[in-house]
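Reader: Please give me a close look at a single part, the largest pocket. Keep the sentences short and state your cut-offs.

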Amino acid sequence: MNGQATGPYNLNTLRQMMTVGQFTSDSLVWKTGMFEWAKAGSVDEMKPLFPDISQIPKEN
């Protein structure tokens, strides 16, 4: 946060952080095995946290 590395966090904690705006799909994340930091929305394990609104059916 504020440009500082924090964590580690589990998915439940990240969900809570989302509700107060501290974590978004654009937040940079890293885990063991990753070569570099990546946006959370592009990490397979985190994709379920960020539903793709383009897939939500539109009402007529």
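Author: The answer below sets the scene, goes to the pocket, and then follows single residues.

This is a predicted model: local features need pLDDT of at least 70, side-chain atom pairs count only at pLDDT 80 or more, and totals for chains, interfaces and linings use all residues. Residues are numbered from 1 along each chain as its sequence is written, and side-chain values use heavy atoms, with hydrogens and water left out.

The frame comes first. The protein chain holds one helix and two strands. From the N terminus on, their order is α-β-β. Helices (H or I, at least four residues) and strands (E, at least two) are DSSP runs, numbered from the N terminus. Of the 60 residues, 20% count as buried. Buried means under 20% relative accessible area, exposed over 50%, and partly exposed in between, with a 1.4 Å probe and protein chains only.

Now the pocket. Rolling a probe the size of a water molecule over the atoms shows where empty space is left. The search uses a 1 Å grid over the protein atoms alone; a pocket is an open set of points with protein on both sides within 12 Å along at least five of seven lines, whereas a cavity is a set where a 1.4 Å probe fits but cannot get out. Lining residues have an atom within 4 Å of a point. Points are joined across faces, edges and corners, and the volume is the space filled by probe spheres set on them.

The largest pocket has about 570 Å³ of space. Its lining counts 25 residues, and the closest to its centre are Thr 6, Tyr 9, Leu 28, Val 29 and Trp 30. H1 and E1 each supply at least two lining residues. H1 gives the largest share, three residues. By type, the lining divides into 15 nonpolar, eight polar and two charged. Here Ala, Val, Leu, Ile, Met, Phe, Trp, Tyr, Cys and Pro count as nonpolar, Asp, Glu, Lys and Arg as charged, and the others, Gly among them, as polar.

Take Trp 30, one of those closest to the pocket centre. Trp 30 sits in the loop between E1 and E2. Its relative accessibility is 44%, so Trp 30 counts as partly exposed. A polar atom of its side chain lies 3.0 Å from the backbone oxygen of Met 34. That fits a polar contact: a pair of N or O atoms within 3.5 Å, where within protein one must be able to donate a hydrogen and the other to accept it, and residues adjacent in sequence count only if both atoms are side-chain atoms. Beyond four places in sequence, Trp 30 is in contact (heavy atoms within 4.5 Å) with Glu 36 and Trp 37. The C-alpha atoms of Trp 30 and Ala 5 are 9.5 Å apart, at 25 residues along the chain.

Glu 36 lies in the loop between E1 and E2. At 59% relative accessibility, Glu 36 is exposed. Outside four places in sequence, Glu 36 touches Val 29 and Trp 30. Val 29 is also touched by Val 43, as are Met 34 and Ala 38, again leaving out residues up to four places away. Val 43 belongs to the segment after E2. Its relative accessible area is 10%, so Val 43 is buried.

Ser 27 lies in the loop between H1 and E1. Ser 27 is buried at 18%. Its side chain reaches the backbone nitrogen of Thr 24 at 2.9 Å. Past four places in sequence, Ser 27 touches Gln 22, Ala 38, Lys 39 and Ala 40.

Next, the ends of H1. Asn 10 caps its N-terminal end, with a side-chain oxygen 3.1 Å from the backbone nitrogen of Asn 12. Pro 8 is in the segment before H1. A cis peptide bond joins Gly 7 and Pro 8, with omega of about 10°. Just after H1, Gly 21 takes a positive phi of about 80°. Most residues other than glycine have a negative phi, and most peptide bonds are trans.

Last, the rings. Rings of Phe, Tyr and Trp (its six-membered ring) pair if their centres lie within 6.5 Å; planes under 30 degrees apart count as stacked, over 60 as edge-to-face and the rest as tilted. The count is one aromatic pair. Phe 23 and Phe 50 form it, tilted, at 5.9 Å centre to centre and 40° between the planes. Phe 23 is in the loop between H1 and E1 and Phe 50 in the segment after E2, so the pair ties together parts 27 residues apart in sequence. Both Phe 23 and Phe 50 are buried.
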